[in-house]
Amino acid sequence: MSGALATVRGLALFALTLALGCRALTRETLPDGAPAVPVDAEQKTATGLAHWRARPRTVAEVAAAWAELDAAARATPAGDPHRYERLTAAARCAIWLARHGGAAYDARTFGEAALVLTNTAVEDAPDRAEAYYLRAVAAGVVAQADEMQGMDAMQRIRDDARRAAELDPAFEGGGPHRVLGGLYLESPAPPVGVGSLRRALQHLRTGVELAPEHPGNLVFLARAERRNGADSARVGALLDRAERALATVDDDAERAYWAAELAAERAAGR
Amino acid sequence: MSTTRRALAVFSLGLLAAPVLRAQPADQPEALVVLVKPGDPNAADETRAEPFLRRLREALQRRVPAFSDRRVTVRLTADPEVAARLVAAPAARLAIVPPDWYLARLRGDQPRARVVATVPRLGESVERYALVVSRAEGAPASLDALRGREVVMQGGPDDAYLRRVVFQDDSAGPGLPFALRRTTNLADEVFAVVEPADGESHADALLVDTEMLRFLQDDELTWPQLRVVWTSPALPRELVVVLGPDQGDASCEALRNALLALGDDEAGREALELMRSEGFAAPDLAALARVAARYDERAERERDAARRGGERRDGGRDG
């Protein structure tokens, strides 16, 4: 499942609203029991992954991948060595549909589905980075759909991304540092949010050191540098690198997302 | 979300809010509710606080009998001068203000400005300020050790209230016992304190209120590197003040009861949640009177000291 650009779109919530409620995100995990109807989890995993890897990546393909991988994850008992991969693969699909699926895929519903899957995966393997990272992204997706869960989501994003950064800082192109940098960059000041430009710069510079050609790292760093008063030449150079890096993104929806972020950042700098 | 889309989203929030306002007859008189958070960067942008303001407006419109025939508008501001203008507006009927702002600007406006409620937050019905320092070796370990050092604060009371009420130190002279610097983002200051960069100066302590202290304590990465070295006495929290023509005791009581029951309304409950409050509560007017007396007594002493200083200077010039 590598290569997906799980991002921090949900974090935009924190730039939109200063009113973040304290309702708790779901702590639910999958029940640990055999499904009522026997399921060939291995077959479903193979089919699901084939849909996920199909290019172009369309809503229909990811929806098909989600159906297969979610069923496979639910049919895999705790202790099975394949369960973690199935849980995180299904979570990726849920997050993608929440972000790019449009009106047919309610962001809160699919974000919460991803939370349940990643809660389970974190419980299964607390020393692996991927589920923490995906749970942080899923928390952002849910918070974007429901500001009443914003405060808990913000803390979840921070804590999970920190844990992921400890375990595997380079995961998905410095993803944990990208998430942390985006969070600190877009959140309001405390005590409403965890926003801190100083902290954002720290994480985003680390992200770019770890993955110098990741468009997300470059766009976010450009934004942070601009807000920190960097000269337009430095910001422009980062954005030029981000533009070149876009060509390496093979997911159309993700590429479009980062292209829009990049265009917005160029406009903001003018 | 791109800036463009973000701007569109903000715009759409505005569009969503507009029908609510338009649904109210335009010829209804306005009831203006003013939320005052001087110097708070999070209160500087009403658009971003729209989800909260919308819910509060809806709940007040539905639940406060005195507002039933009025068009409720809720405004939020961090600017003391804007706040002063809004509170003085003929349509102003209610304000939520910090105690320092009440003492300095509203208290004299009696019987027009009456305190009817307070706003507990995070389960605390009183405010306590705290000085937080680094646990690193050599960091100041007491208020005394901070004399002459730099303390940083985000928002919070004005200097007069800090001098006269929060730091009730009769020996400290007319000023604060330390150099106070105001910041728009305390998180940046916290990180500078716990992870100072080479050659970078940072504040010697952070002055925080209860909510900010709780925020710091919730961060498992930074809090173990910090500690509290001083805590203020229990002080009043934000006050809800009735404004406008004097409505009499019965009307104020009805308004207070409606506020205390605001959590019975769904939008009211959500607005309270967004304020991290369990609900409005009756104010401790005796405690407020004690604080006001302290504030006035210290103000008088400061004026005396200033007069004496002026006389000495004049005497010196004459001599």
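**Group meeting: an all-helical chain A and a sheet in chain B**

Let me begin with chain A, whose secondary structure comes to 12 helices and 0 strands, so that, read from the N terminus, its elements run α-α-α-α-α-α-α-α-α-α-α-α. I should say at once that this is a predicted model, and what follows is computed from it. For a chain of 270 residues a compact globule would have a radius of gyration near 18 Å, and chain A, at 18 Å, agrees with that. Its C-alpha trace spans about 60 × 40 × 35 Å along the principal axes, and 58% of its 270 residues count as buried. If we take the contacts in chain A with a separation of 6 or more, 68% of them come from residues 24 or more positions apart.

Turning to chain B, I would like to spend most of the time on one sheet. Here 5 strands form an open sheet in the order 2-1-3-10-4, with mixed pairing. Strand 2 (71-77) and strand 4 of chain B stand at the edges, and because each has a single partner strand, one side of each is left without a neighbour in the sheet. From one strand to the next, the twist averages 20 degrees.

How do strand 1 and strand 3 of chain B run, parallel or antiparallel? They run parallel, and 4 bridges join strand 1 (residues 30-36) to strand 3; within this pairing, B:Val33 has B:Leu94 as its bridge partner. B:Leu94 also stands opposite B:Val242 in strand 10, and strand 3 (residues 92-97) runs antiparallel to strand 10, again with 4 bridges. On the other side of the order comes strand 4 (residues 114-118), which is likewise joined to strand 10 by 4 bridges in an antiparallel arrangement, with B:Thr118 opposite B:Leu239.

Strand 10 itself (residues 239-242) sends B:Leu239 and B:Val241 one way and B:Val240 and B:Val242 the other, and all of these are buried.

As for the helices on this sheet, helix 3 (residues 80-88) of chain B lies across strand 1, strand 2 and strand 3, at about 150 degrees to strand 1. Helix 8 (residues 248-260) of chain B packs on the sheet as well, touching strand 4 and strand 10, and its direction makes about 20 degrees with that of strand 4.

Finally, helix 6 (residues 186-194) of chain B brings the two chains together in this account. Its buried residues include B:Leu186, B:Val190 and B:Val193, and the buried residues of this helix pack against helix 9 (197-210) of chain A, together with elements of chain B including strand 5 (130-134) and helix 7 (210-217).

Terms used. Residues are numbered from 1 along each chain as its sequence is written. Chains are lettered from A and ligands numbered from 1 in the order in which they are written. This is a predicted model: local features need pLDDT of at least 70, side-chain atom pairs count only at pLDDT 80 or more; totals for chains, interfaces and linings use all residues. A residue is buried if 20 or more other C-beta atoms lie within 10 Å of its own, exposed if 12 or fewer, and partly exposed in between; C-beta atoms are placed from the backbone. Two strands pair if DSSP finds at least two bridges between them. Two residues are in contact if their C-beta atoms, placed from the backbone, lie within 7 Å. The radius of gyration is taken over C-alpha atoms; the globule rule is 2.2 Å times the number of residues to the power 0.38. Axes are lines fitted to C-alpha atoms, for helices over the stretch in contact, and angles run from 0 to 180 degrees between N-to-C directions.
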